[in-house]
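Here is a briefing on one structure, arranged by topic. Helix packing comes first, then the sheet, the backbone details and the ligand shells.

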Amino acid sequence: MRIGQGFDVHQFAEGRPLIIGGISIPYEKGLIGHSDADVLLHTVSDALLGAIGEGDIGRHFPDNDEKYKDADSKVLLEHVWSLVKDKGYRLGNLDCVIIAQKPKMAPYIGEMREVIAKLLEADIEQINIKATTTETLGFTGREEGIAAQAVCLVIKA
Ligand SMILES: Nc1ccn([C@@H]2O[C@H](COP(=O)(O)O)[C@@H](O)[C@H]2O)c(=O)n1
Ligand SMILES: C[C@@]1(CO)OP(=O)(O)OP(=O)(O)OC[C@H]1O
């Protein structure tokens, strides 16, 4: 059994779609990145890579490679999951937190869990996603961006 953690931040900008956990959330602004800037799927990818000792997503999908411009982070996570399976692991559980003053994530969390469970070939009960504000404090509180953290356990299949 091995543990991994992930952390990621993306900045808000006008005129960008807000994609978190593989779903589009209707909102007045979105996140900037080289890819689709899905802060939650990046965090999950990093947690899994950490668990198998494979570095981070920047190493696997460099942000100066045109191939990943506007990349769908579901495809990146799918690739990370194939690396986990190649090393002979299955998912134990995954626990995530989205740190965002706005918008309210609660209405979308069920769908995010379904997307991630499907990508990781897991049951929805193995995937937990939480959200919190920072009570208006810091860069998330000022609505300059969104952060996400994840912890996962992988188990030898
Ligand atoms: N972007 C967010 C932030 C929070 N939630 C939900 O609200 C609850 C209370 O948040 P506090 O930061 O005031 O503790 C939190 O437990 C989440 O259920 C949310 O949906 N979206
Ligand atoms: C996903 C990648 C690659 O397109 O780009 P970004 O969307 O900028 O995301 P980030 O979490 O900053 O780093 C990982 C990058 O390699």
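In this predicted model, helix H1 (residues 39-51) packs against helix H3 (residues 73-86). Their axes lie 9 Å apart and cross at an angle of about 15°. That angle is under 35 degrees, so H1 and H3 count as roughly parallel.

**Helix packing**

- The crossing of H1 and H3 is left-handed.
- H1 brings Leu41, His42, Val44, Ser45, Leu48 and Leu49 to the contact.
- H3 answers with Ser73, Lys74, Leu76, Leu77, Val80, Trp81 and Val84.
- By class, this contact between H1 and H3 has 9 nonpolar, 3 polar and 1 charged residues.
- H1 also lies across four strands of the sheet: S1, S4, S5 (89-99) and S7.
- Relative to S1, H1 runs at about 155°.

**Sheet layout**

- The sheet is open and is formed by 5 strands.
- Their order is S4-S1-S7-S5-S6, with mixed pairing.
- S4 and S6 (127-132) are the edge strands, and each pairs on one side only.
- From one strand to the next, the twist averages 20°.

**Strand pairs, from the S4 edge across**

- Strands of a sheet pair through backbone hydrogen bonds, in either the parallel or the antiparallel sense.
- S4 (residues 29-31) and S1 (residues 2-14) run antiparallel and are joined by 3 bridges.
- In that pair, Gly30 of S4 is the bridge partner of Ala13.
- S1 and S7 (residues 145-156) also run antiparallel, with 10 bridges between them.
- Two positions help to place the register of S1 on S7: Gln5 stands opposite Val151, and His10 has Ile146 as its bridge partner.
- S7 is joined to S5 by 10 bridges, and this pair is antiparallel.
- Here Cys96 has Ala150 of S7 as its bridge partner.
- S5 and S6 pair in the parallel sense, over 6 bridges.
- In this parallel pair, Ile98 stands opposite Ala131 of S6.

**Backbone details**

- Where is Pro103 found? Pro103 sits in the loop between S5 and helix H4 (109-119).
- The peptide bond that joins Lys102 and Pro103 is cis, with omega of about -5°.
- Thr136 has a positive phi of about 70°, although it is not a glycine.
- Thr136 is placed in the loop between S6 and helix H5 (138-141).

**Ligand shells**

- Which residues surround ligand 1? The shell holds Ala100, Lys104, Met105 and Ala106, together with Ala131, Thr132 and Thr133.
- By class, the shell around ligand 1 divides into 4 nonpolar, 2 polar and 1 charged residues.
- Ala131 thus has two roles to note: it belongs to the shell of ligand 1, and it stands opposite Ile98 in the pairing of S5 with S6.
- Ligand 2 is surrounded by 13 residues.
- The closest to ligand 2 are Gly33, His34, Ser35, Asp63 and Tyr68.
- The shell around ligand 2 divides into 6 nonpolar, 5 polar and 2 charged residues.

Key:
Residues are numbered from 1 along each chain as its sequence is written. Chains are lettered from A and ligands numbered from 1 in the order in which they are written. This is a predicted model: local features need pLDDT of at least 70, side-chain atom pairs count only at pLDDT 80 or more; totals for chains, interfaces and linings use all residues. A residue is near a molecule or strand if its C-beta atom, placed from the backbone, lies within 6 Å of it. Ala, Val, Leu, Ile, Met, Phe, Trp, Tyr, Cys and Pro count as nonpolar, Asp, Glu, Lys and Arg as charged, and the others, Gly among them, as polar. Two strands pair if DSSP finds at least two bridges between them. Axes are lines fitted to C-alpha atoms, for helices over the stretch in contact, and angles run from 0 to 180 degrees between N-to-C directions. Angles under 35 degrees count as roughly parallel, over 145 as roughly antiparallel, 65 to 115 as roughly perpendicular and the rest as oblique. A crossing is left-handed if the near helix is turned anticlockwise from the far one by less than a right angle, and right-handed if clockwise. Two residues are in contact if their C-beta atoms, placed from the backbone, lie within 7 Å.
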